[in-house]
Amino acid sequence: MNHARGPIYTPIELLARLVAFDTTSCKNNLGLIAFIEDYLLQHGVVSRRIKSADGEKSSLYATIGPANEGGVALSGHTDVVPVDGQTWTSDPFTLRAENGRLYGRGTADMKGFIASVLAAVPDFRRRRLKRPIHLAFSYDEEIGCIGVRPLIAELGKALPKPRMVIVGEPTSMQVVDAHKGPVRWQVDVCGRAAHSSMAHLGVNAVSYAARLIAELERIEAELKETSRDRRFDPPYTTLQVTRIEGGTATNIVPVSCSFMFDIRALPGQDPDAIERRLRRFAEVHCLPEMRTIAPESDIRIERVNSVPPFGADRTSEVVALALKLTGQNETHGVSYATEAGLFQNAGSPAVVCGPGAIAQAHTADEWIAESELVKCMGFLERLGAWAEA
Ligand SMILES: [Zn+2]
């Protein structure tokens, strides 16, 4: 085997390099991907790009050790949230160290994890791995786990499928085995405009939107009563109407009204059931009445984005592994979403465990404690030893 001797960097040096690439989700990440690709190559690791449809962005997948299926994938997203409207003490894209903290956009979420993984590559390469360690770096996670989906679609086809996945989102190196899944819908109600003094000739889109929203409130109340999972705060699936827009003028029966609603689904909750119920309500309690006056009336319900909830099995091998590697004995549920449910639904059981605190993610002056990177390096070293045995 060719053990190329690449440059040895500390996780902090690598983090400084990664932070310097402005990979806000709306921008391209190819500079950062080229940097990682080149670094890996210098360590004798060949990686593959999985590009976005427009070619502006790319995921990267690499396998260290035996070039086959199985083993563990270390998953991280390369994109970061915008700094727009935030007041930073120093340049968000220049890593700044102060009192044991490293400041910069993405330090916690989640370039700190990627930097640690890259810093561990020489150690992974030095070992005689019996089980492969795969690296899976995605894009557009922050706008709905978009970029990882084409990568997952290639697992078991063009890319070797991992037996399990560790998603390194910031959990302060605690073991997270469950999170809720955000699902978002857009609803467009089309009625017929009329002078408000001749209301009987129109179909009031705002009124029908209100009926639909009242039905959503009933669903919300039921979810609160029926779904319970004590790992979460709150312990039920939430449902909220988050935006609304409608009407033209104070003397016109409104022709259109649009609103969005969002659920944060518990593991096991079926978002399709909620959508079906709203559709049925529209078909039975709104549309027939609307169409007696205006046959062109319509209600469109469209799912805008959906990240599946994640709940590991009680007997999950990867959860047991993460507990062993961290030396912990309890798992946690979190309220933010990750790529874990997507991997799990594709047949690679996942766990979430990574350096840094979620409280610092997305904030101005985002930071990660240097001690978190030290903890993560210890975790990765033990992972290397596990893969070698
Ligand atoms: Zn993240």
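Visitor: Is the crossing in which helix 5 passes helix 6 left-handed or right-handed, and what makes it so?

Guide: Helix 5 passes helix 6 in a right-handed crossing, a label used if the near helix is turned clockwise from the far one by less than a right angle, whereas an anticlockwise turn counts as left-handed. The structure is a predicted model, in which local features need pLDDT of at least 70 and side-chain atom pairs count only at pLDDT 80 or more, while totals for chains, interfaces and linings use all residues. Residues are numbered from 1 along each chain as its sequence is written, and side-chain values use heavy atoms, with hydrogens and water left out.

Visitor: What angle and distance describe the packing of helix 5 and helix 6?

Guide: Helix 5 (residues 205-226) and helix 6 (residues 271-285) pack at an angle of about 145°, with their axes 10 Å apart. The axes are lines fitted to C-alpha atoms over the stretch in contact, and angles run from 0 to 180 degrees between N-to-C directions. Helices are DSSP runs of H or I with at least four residues, strands are E runs of at least two, and both are numbered from the N terminus.

Visitor: Which residues make the contact between helix 5 and helix 6?

Guide: Among them are Arg211, Leu212 and Ile219 of helix 5, and Ile274, Leu278 and Phe281 of helix 6. Contact means heavy atoms within 4.5 Å.

Visitor: Why is helix 3 called oblique to helix 10?

Guide: The axes of helix 3 and helix 10 (residues 370-388) come within 9 Å and cross at roughly 40°. Angles under 35 degrees count as roughly parallel, over 145 as roughly antiparallel, 65 to 115 as roughly perpendicular and the rest as oblique; helix 3 is therefore oblique to helix 10. Residues in this contact include Ser116 of helix 3 and Cys376 of helix 10.

Visitor: How do you know whether Ser116 is buried or exposed?

Guide: Buried means under 20% relative accessible area, exposed over 50%, and partly exposed in between, with a 1.4 Å probe and protein chains only. Ser116 has 0% relative accessibility, so the residue counts as buried. Leaving aside residues up to four places away in sequence, Ser116 touches Pro11, Leu373, Cys376, Met377 and Leu380.

Visitor: What makes the arrangement around the zinc ion irregular?

Guide: The zinc ion is coordinated by His77 (NE2), Asp109 (OD) and two OE atoms of Glu169, at 1.8 to 2.6 Å. Donors are N, O and S atoms within 2.8 Å of the metal (3.2 Å for Na, K and Ca); water is not among the atoms, so sites may look incomplete. Four donors count as tetrahedral if all angles lie between 85 and 135 degrees; four count as square planar and six as octahedral if opposite donors are over 155 degrees apart and all others between 65 and 115; anything else is irregular. Here the 4 donor atoms subtend angles of 53 to 139°, and the arrangement is therefore irregular.

Visitor: Why can His77 and Asp109 be said to tie together separate parts of the chain?

Guide: His77 belongs to strand 3 (residues 72-77) and Asp109 to helix 3 (residues 107-126), so the pair ties together parts that are 32 residues apart in sequence. His77 is buried at 0% relative accessible area, and Asp109 is buried at 3%.

Visitor: Are Asn99 and Met173 buried or exposed?

Guide: Asn99 is exposed, with a relative accessible area of 77%, whereas Met173 counts as buried at 4%. Phi is positive in both non-glycine residues, near 50° for Asn99 and near 60° for Met173.
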